[in-house]
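Student: Could you take me through one part of this structure closely? I would like to look at the salt bridges and what surrounds them.

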Amino acid sequence: MILTYISRETCLILAVTPANSDLATSDALKLAREVDPEGRRTIGVLTKLDLMDEGTDARDILENRLFPLRRGYVGVVNRGQKDIVGRKDIRAALDAERKFFLAHPSYRHMSEKLGTPFLQKTLNNQLTNHIKDTLPSLKDSLQKKFYALEADVKEYRFMQPNDPARKSKALMSLTQQFTENV
C-alpha cells in the first residue's frame with residue numbers, strides 16, 4: 001500500500017527509522033531507495049537517539065555521510081512510554097529533547113539542526129518548495145485530462161443509447177481498459 005503512494009514522483013517520502021536499530025536493514029529506507037534511488041524525494045528521520053547503546057551515536061548518519069539523502073536527516077527524541085503514562089507535558093518533552101541535544105557530545109555542534117521543532121520547520125519548507133516545483137507539471141496533467149474528458153463529452157452528446165455500434169464500441173473500450181489495468 002505504501003508503494004502506491006511513494007512511487008509517485010510528486011510525493012515526498014518521510015523515512016522514519018529508530019536510531020537504536022540497524023539502519024542498513026531499515027524497511028523505511030529500503031522502500032524509499034526502491035522508488036527514489038538517488039534520494040531526491042526522501043527525508044530521513046531518526047528517532048530514539050536517546051536510546052542508543054552507550055558509546056554509540058548516529059553522527060555519521062545525521063551528517064549525511066552514511067546512507068546519504070539529498071534532503072538529509074533530522075534526529076528527534078520522542079516521549080517514551082513512561083513519559084506518556086506519567087502525562088509529561090509536550091513542552092516539557094520538547095525542553096528535554098533540546099537539553100539532550102545540547103548536552104550530548106556528538107550532537108552538540110549540530111543541535112540547531114536536530115529536534116522536533118526543526119523537523120516541523122524543515123518539513124514545512126520542503127513541502128512548500130516541493131509543491132512549487134511540482135505544481136506546473138500537475139497543472140499540465142490536469143489540463144490534458146480535462147481536454148480528453150471534454151472530447152469524450154462531445155462524442156457522447158448525440159449518442160443513441162440503443163445503437164448497437166455504440167454498445168460494441170463501449171464493450172471494446174472497457175475490455176481494452178481492463179486489459180491495460182491487468
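Tutor: Happy to! One definition before we start: helices and strands here are DSSP runs, numbered from the N terminus, with at least four residues for a helix and at least two for a strand. Keep in mind that this is a predicted model.

Let's set the scene. UniProt, in an unreviewed entry, lists residues 1-136 as "domain: Dynamin-type G". That span is 43% helix and 11% strand, and its end C-alpha atoms lie 27 Å apart.

Now to your salt bridges. Side chains of opposite charge can pair when their charged atoms come close. The structure holds six such salt bridges, and a good one to begin with joins Arg41 to Glu9, where the closest N and O atoms are 4.0 Å apart. This pair links distant parts of the chain, with the two positions 32 residues apart in numbering. Arg41 sits in the loop between helix 2 (27-35) and strand 2 (42-47), whereas Glu9 belongs to the loop between helix 1 (2-6) and strand 1 (13-18).

The two partners differ in how much of them is covered. Arg41 counts as buried because its relative accessibility is 2%, and the cut-off for buried is under 20%. Glu9 has a relative accessible area of 48%, so Glu9 is partly exposed.

Next, look at Arg40. Its side chain meets that of Glu38 in a salt bridge of 3.4 Å, N to O. With a relative accessible area of 33%, Arg40 is partly exposed. Put these pieces together and you get a network of salt bridges that links Glu9, Glu38, Arg40 and Arg41.

Another pair to find is Arg65 and Asp60, whose side chains meet in a salt bridge of 2.5 Å, N to O. Arg65 is exposed, at 52% relative accessible area, while Asp60 is partly exposed at 39%.

To finish, here are two places for comparison. Ser111 lies in the loop between helix 5 (90-103) and helix 6. Its relative accessibility is 4%, so Ser111 counts as buried. Leaving aside residues up to four places away in sequence, Ser111 touches Arg98, Phe101 and Leu102. Then turn to Ile131, which is in helix 6 (residues 116-156). Ile131 counts as partly exposed because its relative accessibility is 41%. Together with Leu127, Leu135, Leu138 and Leu142, Ile131 makes a nonpolar surface patch of about 450 Å².

Key: Residues numbered from 1 in each chain as written. Predicted model: local features only at pLDDT ≥ 70, side-chain atom pairs only at ≥ 80, totals over all residues. Heavy atoms only, no water. Patch = residues over 30% accessible without salt bridge, like charges linked within 9 Å, V, L, I, M, F, W, Y side chains within 5 Å. Areas by Shrake-Rupley, 256 points an atom, 1.4 Å probe, with all protein chains shown as cover. Buried < 20%, exposed > 50% of the residue type's maximum accessible area, 1.4 Å probe, protein only. Contact = heavy atoms within 4.5 Å. UniProt positions renumbered as here; feature names shortened; annotations may be inferred.
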